[in-house]
There are 4 protein chains.
Amino acid sequence: MRMFRNDYSEGAAPAILDALVRTNYEQHPGYTEGDAHCERARQLIRDFVGRQDVDVEFAIGGTSANIIGVTGMLHDWEGVICTKDGHINVHETGSIAACGRTVLPTQDADGFLSPAEAEKVWQFQTSTGRHMTRPAMIYITDTTEIGGVWSRERFDDICDWAESHNLKIFVDGARMASAMTSPENDLSIQHIAQRASAFYLGGTKNGMLFGEALVIADPDLKRAFPFLIKERGGLMAKGRLQGVQFEAAFDPANYGEAGEPLYYQLARGANACAVRLRDGMATLGYEPYGHSASNQQFFVVTPEQEEAFAEAVGSETFYTLDDGRRVIRFVCSWATTKADVDELLAFAKGIA
Amino acid sequence: MRMFRNDYSEGAAPAILDALVRTNYEQHPGYTEGDAHCERARQLIRDFVGRQDVDVEFAIGGTSANIIGVTGMLHDWEGVICTKDGHINVHETGSIAACGRTVLPTQDADGFLSPAEAEKVWQFQTSTGRHMTRPAMIYITDTTEIGGVWSRERFDDICDWAESHNLKIFVDGARMASAMTSPENDLSIQHIAQRASAFYLGGTKNGMLFGEALVIADPDLKRAFPFLIKERGGLMAKGRLQGVQFEAAFDPANYGEAGEPLYYQLARGANACAVRLRDGMATLGYEPYGHSASNQQFFVVTPEQEEAFAEAVGSETFYTLDDGRRVIRFVCSWATTKADVDELLAFAKGIA
Amino acid sequence: MRMFRNDYSEGAAPAILDALVRTNYEQHPGYTEGDAHCERARQLIRDFVGRQDVDVEFAIGGTSANIIGVTGMLHDWEGVICTKDGHINVHETGSIAACGRTVLPTQDADGFLSPAEAEKVWQFQTSTGRHMTRPAMIYITDTTEIGGVWSRERFDDICDWAESHNLKIFVDGARMASAMTSPENDLSIQHIAQRASAFYLGGTKNGMLFGEALVIADPDLKRAFPFLIKERGGLMAKGRLQGVQFEAAFDPANYGEAGEPLYYQLARGANACAVRLRDGMATLGYEPYGHSASNQQFFVVTPEQEEAFAEAVGSETFYTLDDGRRVIRFVCSWATTKADVDELLAFAKGIA
Amino acid sequence: MRMFRNDYSEGAAPAILDALVRTNYEQHPGYTEGDAHCERARQLIRDFVGRQDVDVEFAIGGTSANIIGVTGMLHDWEGVICTKDGHINVHETGSIAACGRTVLPTQDADGFLSPAEAEKVWQFQTSTGRHMTRPAMIYITDTTEIGGVWSRERFDDICDWAESHNLKIFVDGARMASAMTSPENDLSIQHIAQRASAFYLGGTKNGMLFGEALVIADPDLKRAFPFLIKERGGLMAKGRLQGVQFEAAFDPANYGEAGEPLYYQLARGANACAVRLRDGMATLGYEPYGHSASNQQFFVVTPEQEEAFAEAVGSETFYTLDDGRRVIRFVCSWATTKADVDELLAFAKGIA
């Protein structure tokens, strides 16, 4: 049975892999500088997000993109506000602190950073002047850690709040493609590009071997990025690999019948499988954990079911509830098929 | 009226100042190395805490002592568990993150780090292996941020827990003298010295111009301290100043009738004033915030009272409660007298 | 004409690319943990270097490998001794300082770290105790920055010196394959594995898309690596990509007629082209800069020749000599052919 | 005999100590904020250096002042150019690297940073773009590490060079008073204040217990300082101590017959002793090492003389020359008298 462990279990989507193979013997100068693929990918992304004044740069993965995005926009004594389950707060081994900056978590419990909770952090952190880390930016994730999709209203609310406090806005887009193509999404990447100081389009979790494309409007980060990416060990010698993959992902030649970039097509397929899985599980009586309309689906199960699913499809456990039940996660990727979902549902039925 | 703003409002206690003046024209090599005062202070402290195998070193203040104590016992990817109101978590401008390490706060609300809450942090941080900062030490404060005094039972419980998880134990003793001489204290400095990997005896808040004496049992910190204190900008050229002050504070010649070091006498006086203040305020109907038997006393007051006290005696506001009332703090020092307390109480009566 | 700019101009060597394509649709857990390719690559490397007690881990590139290798073996106040042209000293944007450690360069001018110059740094840095960064490791590169190949005698001399000073030994092996297969090499990878605290086998510059395999004997680095690689943004989600490539590079199935790993075959080819180029250039009267028996060759040329070669084959300029002449570099890779070399030589003849 | 080991062997000069004693029982809010002494000292210094638009802030010592001055004016990927013997390069245990920034030393051998050597570093560091640390400031010291006094011409030359490269200018003034009152000085503090982005007036080495006053024109450092000083553990709780001392040092009431601040009077006395010592030693046939017209004097002596002087007056050894002779240093302070000098000269005569 196909694993539903995560969206980076497989290698690259076929069209991405083909592009890598096809260009393998070309010679390029390296470091994402001066090669046609990186340049074209940059331009395709600028066109797609609708801003010509942004820099487009490449990172090898989400942690690297977050390190550079956050530290490139903060002074030493400044901090970044995010939800307590924010990836940079809990799942990146203290990478922001390792670069000397402080993460300032709110008490938001649903994965969405809210103006009300952010304001509490702001009030607290600015209450004793220099004795506390100064908030200077917010970090949000679309989709959230538990699969939530930001609505335009919610996004504008937090951006309004941030701007009113003179804070920069960073959007971790490791699963941006899944968010943008969610059936419930009403927020466009063009709108994000208008408001965010910087954000990224994740490739690793959407059919590439690796790679995230940072879109940078903030002048401080524009200036810092080329140096930081090298200093922090994230600059690929064969940088063209990132250009080739993002070029394929946004190349109009790959729009096909869908009329949209491969980047969205891949995510749309994963989302469709995830929604099919969600609805099928509900029919079988499984309790969802939160509401997700993206490629990650969470369910509350018994310890016995937890074990059975883990063995069968590699699902991971996220929380143990007070009553002893477990919250587990299924993730669909570009490679997941409806047949895979149905096979999982049949298994789930057997242990319901 | 005397300010009750904090315990570092005045300069040095008379006997400390006398020692500085008396030794002012001596010549010493500098950097706390090879001068008789530093050496004698070290030996007096080793004798007093009852361990000859510890290193005694000097820092210029609490933040510097915390930076070096914490970073000297943690690898880059490790973190320190403390309560959410721990000084290193909220009041030192991200100094631990600035040195690349992560603070891991518990949800303890009363200032005491509890095994139960620490265990939750431990479980969470070790749940996904390398993806999370590894806890490697605990940080506690005696007295706590809100004036609490650790009992021996409570202290042993958290030390037992830490040892069972192979974590180092660091005790911030910025107000250690106030804790040890509190009427409710049943924990000895000798016992702390037996269990802590490192701790310090605060001078700044107990009648010195500045200076904290670190007592170091941990071999990693022993090796690191001499370099870290210089690297982090905390090594005084005229290091003898710290030796002279701690020598005076622990010199048997200054035990007097009290039969205890000047270090304890100064704090005992401050505590007596604080308890007199606490009890007087209670009689006047003021609501205490938490229970303190040390030199800091917290009360819940109206915004009008907050303002009046701030103007009269420099009290600081710590929290605004949901009902709009404020938590303010009065602090007594070695310089506070009973007459000062009575004057404040008379003022408090007028605005009760 | 083929570029001779560097050894990371192309994508992957055919057998490496084939392995990636062949395994692309497999599912693996991620992060180099628990997938068969990483595990097998680790074992193949342990077998090849002749030590079963080492950890084998993967980094995405040389800078990342250096950051983790160096910081994982140094405390905050310690430093690493290397030559003044050492890659970590000049070409990685201060990455070691960015992690809080200090690079301590010697005055060695030929790329080889010598005991005599290292001793001078040691003497100086330890002359005023805590006021100076303490040397705790040495960093060497094989091949050196200018293509030099370490002899066994030279290597043993510096290792003896380092051990006598209780310093750890780190070998940057970004071009280790070229060194080991150089016609002048008499040092075996098995010998390096016996003496180095850690070293790495570079993949990026030897026919892989990316990836360096660290071989770790040092217990501190063994413990640190899993956390540091994540904290520093270098842990690949699709970690299997590194396993697949190194598995192919060391798989006995790929030994073929050469009777040696593909990893060596690729480098041997590059070296053969480089030596052909070197000898051909000498015949044409070009002046070599230093002596190289590896895949990088340096020559002293006129500004006109510099420009012509840069345009024709992408050669880079390393130095401008006092007389105005330039030192340029040609690099051969696994993809370079004898025909490519002869074409370059023909061009060189035209402008000699 | 009086030690000539350094200028921080004694405590405070009498007038400084008196000010501390006189104000000891005053109450102040702490942290250099809102107390009359810090405010008055700030204004006296602004008036003295002739700029009202600068911020004046206090650090506890030179290393702390350097850490904050340098890191507050550099981004993570930027570096500071200084001479190879610059204090931040060799004598502060890697403190700049510990804060993530890189020191970029020139080959200047006389302690003065020259435009020619600085230009070489600039050319090298900017030759490969993002692969190298970007120079963003220069660091100079007046007096230099070996007692040199900057002339106005020399100072203007390096400032012109720095400005032409858009680099900030930082002047370490640990011994600024000695420089400004040197018989050979033609550079005014007012001129430095016009050109430097930031500089400091050292107190530790000029008759204070401790303390350096930073004069900050640079807007980035102005904004950073209040937070950095706390984050880096350098903010004194009893911050008034620094204010009291600098107030006394610059108080017109202390100008006396000399018609200049105590700050200069103290240094002028030390310089006079040093020049008397220098000339006396020359008469005795001792060889000076370099030329100094400030309070540090260096001589070339035999190993036997080295040992005899070290025992007699605590002189320290700086270098061992190739011929085995030693360079030793004598330092005069505000406390040194002509009689002390003559006693040393008599001793020197005995072993000449």
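**Exercise 1. Work out how many residues of chain D are in contact with how many of chain B, and what the chain D side is made of.**

Start with the count: 43 residues of chain D are in contact with 43 residues of chain B. Here, two residues are in contact if their C-beta atoms, placed from the backbone, lie within 7 Å. This is a predicted model, where local features need pLDDT of at least 70 and side-chain atom pairs count only at pLDDT 80 or more, while totals for chains, interfaces and linings use all residues. Residues are numbered from 1 along each chain as its sequence is written, and chains are lettered from A and ligands numbered from 1 in the order in which they are written.

Next, find the helices: α1 (14-22), α3 (62-71), α5 (95-98) and α10 (219-231) of chain D each supply at least two residues of the side that touches chain B. Helices (H or I, at least four residues) and strands (E, at least two) are DSSP runs, numbered from the N terminus.

Finally, sort by class: the chain D side has 17 nonpolar, 18 polar and eight charged residues. Ala, Val, Leu, Ile, Met, Phe, Trp, Tyr, Cys and Pro count as nonpolar, Asp, Glu, Lys and Arg as charged, and the others, Gly among them, as polar.

**Exercise 2. Now do that for chains B and A.**

The contact takes 17 residues from chain B and 17 residues from chain A. On the chain B side that touches chain A, they divide into five nonpolar, nine polar and three charged.

**Exercise 3. Describe how α3(A) packs with α10(A), and decide whether α3(A) is enclosed or not.**

Step one is the geometry: helix α3 (residues 62-71) and helix α10 (residues 219-231) of chain A pack at an angle of about 135°, with their axes 9 Å apart. Axes are lines fitted to C-alpha atoms, for helices over the stretch in contact, and angles run from 0 to 180 degrees between N-to-C directions. That makes α3(A) oblique to α10(A); angles under 35 degrees count as roughly parallel, over 145 as roughly antiparallel, 65 to 115 as roughly perpendicular and the rest as oblique.

Step two is the contact: A:Ile68, A:Gly69 and A:Thr71 in α3(A) meet A:Leu221, A:Phe225, A:Leu228 and A:Ile229 in α10(A). By class, that contact has five nonpolar, two polar and no charged residues.

Step three is burial: ten of the ten residues of α3(A) are buried, so this helix is largely enclosed by the rest of the structure. A residue is buried if 20 or more other C-beta atoms lie within 10 Å of its own, exposed if 12 or fewer, and partly exposed in between, with C-beta atoms placed from the backbone.

**Exercise 4. Find out how α12(C) and α14(C) lie relative to each other.**

Look at the angle: helix α12 (residues 262-283) and helix α14 (residues 338-351) of chain C pack at about 20°, with their axes 9 Å apart. They are therefore roughly parallel to each other. Their contact has seven nonpolar, one polar and two charged residues.

**Exercise 5. Are D:Ala136 and D:Ala258 buried or exposed?**

Take D:Ala136, found in strand β4 (residues 134-141) of chain D. D:Ala136 is buried, with 20 other C-beta atoms within 10 Å. Leaving out residues up to four places away in sequence, D:Ala136 touches D:Leu74, D:Glu78, D:Gly79, D:Leu167 and D:Lys168.

Then go to D:Ala258, in the loop between α11 (240-250) and α12 (262-283) of chain D. D:Ala258 is exposed, with 12 other C-beta atoms within 10 Å.
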